[in-house]
Amino acid sequence: MHAITTANNALSALIDNHLHQGNELGIDQRRILWKRVVDLNDRALRHVTVGLGGPLNGIPREDGFDITVASEIMAILCLATDIEDLKRRLANIVIGYRYDRTPVSVGDLQVEGALALILKDAIKPNLVQTIYGTPAFVHGGPFANIAHGCNSVLATTTALHLADYTVTEAGFGADLGAEKFLDIKTPNLPTSPDAVVIVATLRALKMNGGVAKDALTEENVEAVRAGFANLKRHVENIRKFGIPAVVAINEFVSDTEAEIAALKELCASIDVPVELASVWADGAEGGVALAETLVKTIAENPANYTRLYDNDLSVQEKIEKIVTEIYRGSKVNFEKKAQTQIAQIVQNGWDKLPICMAKTQYSFSDNPNSLGAPENFEITIRELVPKLGAGFIVALTGDVMTMPGLPKRPAALNMDVESDGTVLGLF
């Protein structure tokens, strides 16, 4: 995270220095896309002004901060296959436009080598050891609601060379992480998934069935049945990619036998394998049944992976396909700014890139309060941001933010450290 933050902000410093030193490239400071980043939720930094204080302090211009995980460099690090590919992707980053509206890239600034130098160690997958002594890679962290939500191609590819089975994660729900894994990350991998495990909790099903958060520990079989519509849709979506699905019930101590029985019955009704995963309480032993079911599913149901859309479709068609087929919306509204940006994307020849939707993780729609399995809603695209280094176009929906803010009662209020160094309040 530190290396990505440093590389991102080094590029910002180099852009402002270029402006200060005569602006040889003719960059229009009103049309600079590149933002600074910080690994904090800080809404006050979303829109800032830099370069104030006179001629010695640079050229005044509007700027802003994103959270580090939303940086295009995070996405690039997670999609690059080696150092040369890393440098190529960094060079392709569009940082803004000239006065004649032509794009300016990192390659034009000739600083991709310096940025790659900062990232030369960060690109290496981090090998860690579980408490059972088994190896795992922890590498990369783009959020799935504002980025593509997957760990690095290098980590996944390395694991594929080292084990019979490689299990990797995609962030948030299958409408976000899984769709982006299958439409954006998988084409960069040497193979495609043989199966997908959809992790569900009875608490989440009850919430999607209308139960308030403070009542989720109470038994409510009817709410489980009502909320199953949400899980059913995720299963249907995975099957659209030609990949078999398995449901894992991430067991909580508040789960009851009646609720578990109801969920198993509902999964059987749509012919999807389901297993309890009690790894929180029982460690690895609590995941054995799930692993065995997954291996059996892979053996008996060969995958026939296919992407949701063809990159040759127009930007609007690709977005509409995601909205109608994955989210189950009925219509996409493009605000005037988004329409202007689509025209610019087409003019620059970037319209054949895949789409990375920035959307709330709390709902299939762009309204976080619309739970369950909503249908026939409209989604609004307010802005499109070209991420040529990462190799996709980000479509911003609703009021999703690339720099989150803290809640009224931030977790910091519960945190402390004792005199002996014991940390309190993190979990």
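## Spaces, a surface patch and two unusual loops

The largest cavity in this structure has a volume of about 50 Å³. Keep in mind that the model is predicted. If you search the whole structure for cavities of 30 Å³ or more, you find one.

So what lines the largest cavity? Its walls come from A70, S71, E72, A75, I146, A147, C356, K387, F392 and V394. Two elements, α2 (72-79) and β16, each give two or more residues to that lining. Sorted by character, the lining has seven nonpolar residues, one polar and two charged. As for how such spaces are found, rolling a probe the size of a water molecule over the atoms shows where empty space is left.

Now for a pocket. The second largest pocket holds about 1300 Å³ of space. It is lined by 47 residues, and the ones closest to its centre are I32, L33, K35, K337 and E383. Quite a few elements give two or more residues to this lining: the strands β1 (27-32), β4 (61-63), β5 (65-67), β6 (94-98), β15 (378-387) and β16 (392-397), along with helix α14 (336-347). Here the lining splits into 20 nonpolar, twelve polar and 15 charged residues.

Here are the two spaces side by side:

| Space | Volume | Nonpolar lining residues | Polar | Charged |
|---|---|---|---|---|
| Largest cavity | about 50 Å³ | seven | one | two |
| Second largest pocket | about 1300 Å³ | 20 | twelve | 15 |

Let's move to the surface. Which residues form a nonpolar patch there? They are M415, V417, V423, L426 and F427, and together they have about 600 Å² of accessible area. One of them, V423, sits in strand β18 (residues 423-424). V423 has a relative accessible area of 52%, so it counts as exposed, because the cut-off for that word is over 50%.

Finally, take a look at two backbone angles. Most residues other than glycine have a negative phi. R101 has a positive phi, near 75°, and you'll find this residue in the loop between β6 and β7 (103-105). Is R101 buried or partly exposed? Its relative accessibility is 46%, so R101 is partly exposed.

Q110 also has a positive phi, near 60°, and is a residue other than glycine. Look for Q110 in the loop between α4 (106-109) and α5 (112-118). With a relative accessible area of 68%, Q110 is exposed.

Technical notes
Residues are numbered from 1 along each chain as its sequence is written. This is a predicted model: local features need pLDDT of at least 70, side-chain atom pairs count only at pLDDT 80 or more; totals for chains, interfaces and linings use all residues. Side-chain values use heavy atoms; hydrogens and water are left out. Patches are made of residues with over 30% relative accessible area and no salt bridge: like charges are joined within 9 Å, nonpolar side chains (Val, Leu, Ile, Met, Phe, Trp, Tyr) within 5 Å. Accessible areas come from the Shrake-Rupley method with a 1.4 Å probe; for residues, only the protein chains shown count as cover. A salt bridge is a side-chain nitrogen of Lys or Arg within 4 Å of a carboxyl oxygen of Asp or Glu. Helices (H or I, at least four residues) and strands (E, at least two) are DSSP runs, numbered from the N terminus. Buried means under 20% relative accessible area, exposed over 50%, partly exposed in between (1.4 Å probe, protein chains only). On a 1 Å grid over the protein atoms alone, a cavity is a set of points where a 1.4 Å probe fits but cannot get out, and a pocket is an open set with protein on both sides within 12 Å along at least five of seven lines; lining residues have an atom within 4 Å of a point. Grid points are joined across faces, edges and corners, and a volume is the space filled by probe spheres set on the points. Ala, Val, Leu, Ile, Met, Phe, Trp, Tyr, Cys and Pro count as nonpolar, Asp, Glu, Lys and Arg as charged, and the others, Gly among them, as polar.
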